[in-house]
Amino acid sequence: GQAAHGHPRAGTQEWAAGHGKVILLGEHAVVYGRHAIAAPLPLAIRARVEDARDGTTLLIPRWGIEQRLQQPARPGSFLQSLTLLLERLGLSQRALHIQVAPEMPRAMGLGGSAALAVAVIRALDRHCALGLDDASVCALAFECEKIAHGTPSGVDNTVATHGQALLYRRGEPATIRPLALKQPLPLVIGLSGSESLTARMVARVRQAWLQHPARYERIFDEIDVLTRHALDALEAHDLGELGELMNICQGQLNALQVSSPEIEELVQLAREHGALGAKLTGGGGGGAVIALCPDNGARVARAMRDAGYQALEVCFG
Ligand code: MEV
């Protein structure tokens, strides 16, 4: 809807939005220059900035976070990103009250850190009339992502900024091709219940790649082939083929050792209950699974819930 695209809605005129995302195919390989296909979640993180009397504070009531900027920032935390943002935007001397309302769960591999960064940057831009364009918002959010996960590809902050399904490839400049989905893409998102360890998983893949570059380059190439076939399948709205490619991609992600027992259980449940394909999405090590369910979405979601997981039925496009 309108609100999901960052337009004001009743009662939230001053709230700026950053979009969550799912990666359909290509996570991890995208860090090494291969393609990824990502789509924005209809869930966003919203932020609002007001002037304060003394000092800058960050308030995320739904996540139980209330922090003052003077507190020493944990490395990799959003407070550390915020300090960098305020510096870059020339706002270090201002006293600001930053309020954040997330519509999505935290640390579930759904792009929450990038969505948070984009929402806060846009809210600062609005409140302080900085005149930032999308490219600057995206670039600043990328700096925050570097703090959050070390060597990000840039796909999360790109989708968080543009709120549009896209094919992404990193580079100078990055390739960003918007995708017009012919028909909506019905997915069930299963939440493993354990935090997605994106930073740790990205670091572990890097370690393995440094030790055996040729071996891992081959896996990334294989994922890239799947991603490019998935693009054709999406364009033809061939969901059977897309599901098959997702299943094979899960095998490759497993080869990268970024899966987990909960992810494997969710994937199996989804396939057994009629999903055309299922795989982890995002960094892995926990986090979320996506299942392609044109017919059996409710059944797949119920099976996940019966097994003790949370599940969301979401239509993309
Ligand atoms: C995280 O959503 C996707 C990864 O490929 C990391 C990245 O692209 O920065 C795992």
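**The β6–β7 hairpin and the ligand site**

In this predicted model, Leu167 stands opposite Arg177 of strand β7. The two strands concerned are β6, which spans residues 166–169, and β7, which spans residues 175–178; they run antiparallel and are joined by four bridges. Between the strands of this hairpin there are five residues, and within the hairpin Gly171 adopts a positive phi near 155°. The loop between β6 and β7 is also the place of Pro173, and the peptide bond that joins Glu172 and Pro173 is cis, with an omega of about 0°. The loop of this hairpin can thus be described by two backbone features, namely the positive phi of Gly171 and the cis peptide bond between Glu172 and Pro173.

A second region of interest is the surroundings of the ligand, which sits in the largest pocket. The elements that contribute two or more residues to the shell around the ligand are strand β1, covering residues 16–25, and helix α4, covering residues 155–162. There are 13 residues around the ligand, and those that come nearest are Lys21, His28, Pro152, Ser153 and Asp156. When the shell is sorted by residue class, six of its residues are nonpolar, four are polar and three are charged.

Several of the nearest residues place a nitrogen or oxygen atom beside the ligand, and they do so with separate parts of the residue. In the case of Ser153, a polar side-chain atom lies 2.6 Å from an oxygen atom of the ligand, and for Lys21, a polar side-chain atom is found 3.0 Å from a ligand oxygen atom. For His28, by contrast, the atom concerned is a backbone N or O atom, which lies 2.8 Å from an oxygen atom of the ligand. Of the 300 Å² of accessible area that the ligand has on its own, the protein covers 98%.

The backbone of His28 deserves a further remark. This residue lies in the loop between β1 and β2, the latter strand covering residues 36–51, and His28 has a positive phi of about 70° although it is not a glycine. His28 therefore appears in two descriptions, as a residue whose backbone N or O atom lies 2.8 Å from a ligand oxygen atom and as a non-glycine residue with a positive phi.

Key: Residues numbered from 1 in each chain as written. Predicted model: local features only at pLDDT ≥ 70, side-chain atom pairs only at ≥ 80, totals over all residues. Heavy atoms only, no water. Pairing = 2+ DSSP bridges. Near = heavy atom within 4 Å. Polar contact = N/O pair within 3.5 Å; in protein donor to acceptor, adjacent residues only side chain to side chain. Areas by Shrake-Rupley, 256 points an atom, 1.4 Å probe, with all protein chains shown as cover. 1 Å grid on protein atoms, 1.4 Å probe; cavity = no way out; pocket = protein on both sides within 12 Å on 5 of 7 lines; lining within 4 Å. Sits in = over half its atoms within 2 Å of the grid points. Nonpolar A, V, L, I, M, F, W, Y, C, P; charged D, E, K, R; others polar.
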